[in-house]
Structures are given as structure tokens and as C-alpha cells.
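This report covers a single protein model. It takes cysteines, then the chain as a whole, then one helix pair.

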Amino acid sequence: MRSYEAESEPGWDVVLPRGDLSLDGVRMAGFRERTAGGLDLRVLPQPAVIVVIGLGDEPFSVEGATGHRSLRSLVAALSPGPARIRGAGVECVEMSLSPRTAYALLGVSPRELDGSVTGLDDLWGRDGRRLRERMADAPVWEHRLALVDEFLAGRAARAPAMAPEVAAAWETIVARRGRVRVGELAASCGWSRKRLWSRFGDQIGLTPKRAAMLVRFDHAARALVAGENAADVALSCGYADQPHLHRDVLAFAGCTPTALAGRAASADRPDPPHRRKDPWRTPTFSRPT
């Protein structure tokens, strides 16, 4: 049986796999709130699809562009619109999926997520509900994470594969930190711009241009959170100038670069030890407000 590692931070118990999971492109951890402080988080865009399977007695409260929803489990698209997640007595398993893995596991085209936070039951239906019931009945966290890993491997074995051209285009965008032109991507895979635009959108959920903007924003946001000067961040991340950086941060995060860095710096809970190189990742999938 795979071994797991238990950690803790103020107010939270954290359990994560020590070794590799069955699938590439999956990161997973279990979280349990140990205090009565509750969860109050804003969803911030990142180049990964976030899946949260809730196991607590109360559902998450999700406020977004489409209104308010109560969700036991949820999926946040690659670039969700402004949303706020609240919860009490939180107990959940969180997964971060690469776009390639998400395409295989979600069961729908990422385009159908429409840049939002969606109920996981809407995608996985009865299978997802049965998984959550088995997890709730499991006596220890190690069994819960093993159940999720087994479930994901089973779905992946039956899933369609992402087109190699789309996967290569995404990997190029990531490797070049978003500093790439769509024409170059199309030429590299032998497709027309129109065909790449269509297939990439179906299988990634964003246009190639928007995906490049998201990856570039992700690097810029991490640098801002780390305390780097906005002018230096704009230069190092390939923005035309500081106002260009300002516009992108405002579009993705809904605030200025200064406010984004300040929000992270003033968070009242530190990141779990295994996530401190990744400033976005606190339970459930964003920074506290």
C-alpha cells in the first residue's frame, strides 16, 4: 500500500502522499479544519484545474458571477471568474489537475466549465457520489486518499486522450512562461491557426492566447507575492510595461498588483509546509481574504 505523510499547520491537519500517485499531472492532499475559524477564500486563477471533494457535514458556499450555490464538492476551471468560497468544519480532499489530466478525468470538455466554479456532482454524477460515500466511511485519511487515487486511475483508463498537438502546444506555453505567439504554436504542430484555436479550446478550455496570458500572470503573481517590485516583475515576465502588468492582474485577480501582494502578505494563516514554494495553495485552493 502507498504510504502517506501527515502534517499540520495552525488550525489545520494536512495529509498528503509521500510517493508518486498513479497518474501524472495530479497533486492531492487531505485537509481537516481543527478550529472553528471556518474558511473564507477568494478563487484566484492558476494554470491547473482544482477539484475539491467535501467530506464535512456542511456544504461549501460558493458566490460567483452566476449567483450563490451550496456545493458538497466542486471544480474550479483554469481561469474561474471572481468567486468566493466559504465553509465551516471543513474536511476535504483537494486535487490539482494539469489540463491534460483534467481533460481525461472530468468527463466533459473543459470548455463546458465556462470559466467558473462548478458542482462536481454535475460532472461525475452517481460515481462521484458513491466515491464520496466510500471516503466518508473510510476509517483513516490514508484510505481516503487511496480511494481517490484508485478512482482517478479507473477513469483515466477509460478516457479519451488529448490530441498530441494540443498537449504539445500547452507544454510549449508552460515552458516559455506564456511568452509565445499563436502563429508559432500552430506552425510547430502543423495546424492552421483556426484549427489550433478550435481544438485547443475544446480540450484545454481556453484559447491559446488566453492560456498564454494565464501562465504569464501565474508567474507574475508568484513574483509579486514573493515581494518583488512590480516594475521588475513586468520586465522579467515579458509584459510591455508596468501598466500592461497592472491590466492583466486586474483582469485575472480583480485587484491591483499592490493589493494582490498585500492580500497574500497579510494572510492570517501560513501555507502548509509542503506548499510554501507555491503561494497560492492553502486550503482549499486560494489565499484567505
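## Cysteines

C92 has a relative accessibility of 0%, so this residue counts as buried. The model is predicted. C189 is also buried, because its relative accessible area of 17% falls under the 20% cut-off.

How many disulfides does the structure hold? The count is zero.

## The chain as a whole

The protein chain folds into ten helices and eleven strands. Of its 289 residues, 52% are buried.

About 13200 Å² of the protein chain is exposed. Carbon and sulfur atoms supply 48% of that area. Now take contacts in the protein chain with a separation of 6 or more: 67% of them join residues 24 or more positions apart.

## Helices α6 and α7

Two packed helices are described by the angle between their axes and the distance between the axes. Helix α6 spans residues 193-204, and helix α7 spans residues 208-225. Their axes come within 9 Å. The crossing angle is roughly 60°. The two helices are therefore oblique to each other.

Which residues in α6 and α7 meet? From α6 come L196, W197 and F200. From α7 come P208, K209 and A211. By class, this contact has five nonpolar residues and one charged residue. Polar residues are absent from the contact of α6 with α7. The charged one is K209, because Lys counts as charged.

Terms used:
Residues numbered from 1 in each chain as written. Predicted model: local features only at pLDDT ≥ 70, side-chain atom pairs only at ≥ 80, totals over all residues. Heavy atoms only, no water. Axes fitted to C-alpha atoms, helices over the stretch in contact; angles between N-to-C directions. Helix = DSSP H or I, 4+ residues; strand = E, 2+ residues; numbered from the N terminus. Parallel < 35°, antiparallel > 145°, perpendicular 65-115°, else oblique. Contact = heavy atoms within 4.5 Å. Buried < 20%, exposed > 50% of the residue type's maximum accessible area, 1.4 Å probe, protein only. Areas by Shrake-Rupley, 256 points an atom, 1.4 Å probe, with all protein chains shown as cover. Disulfide = S-S within 2.5 Å.
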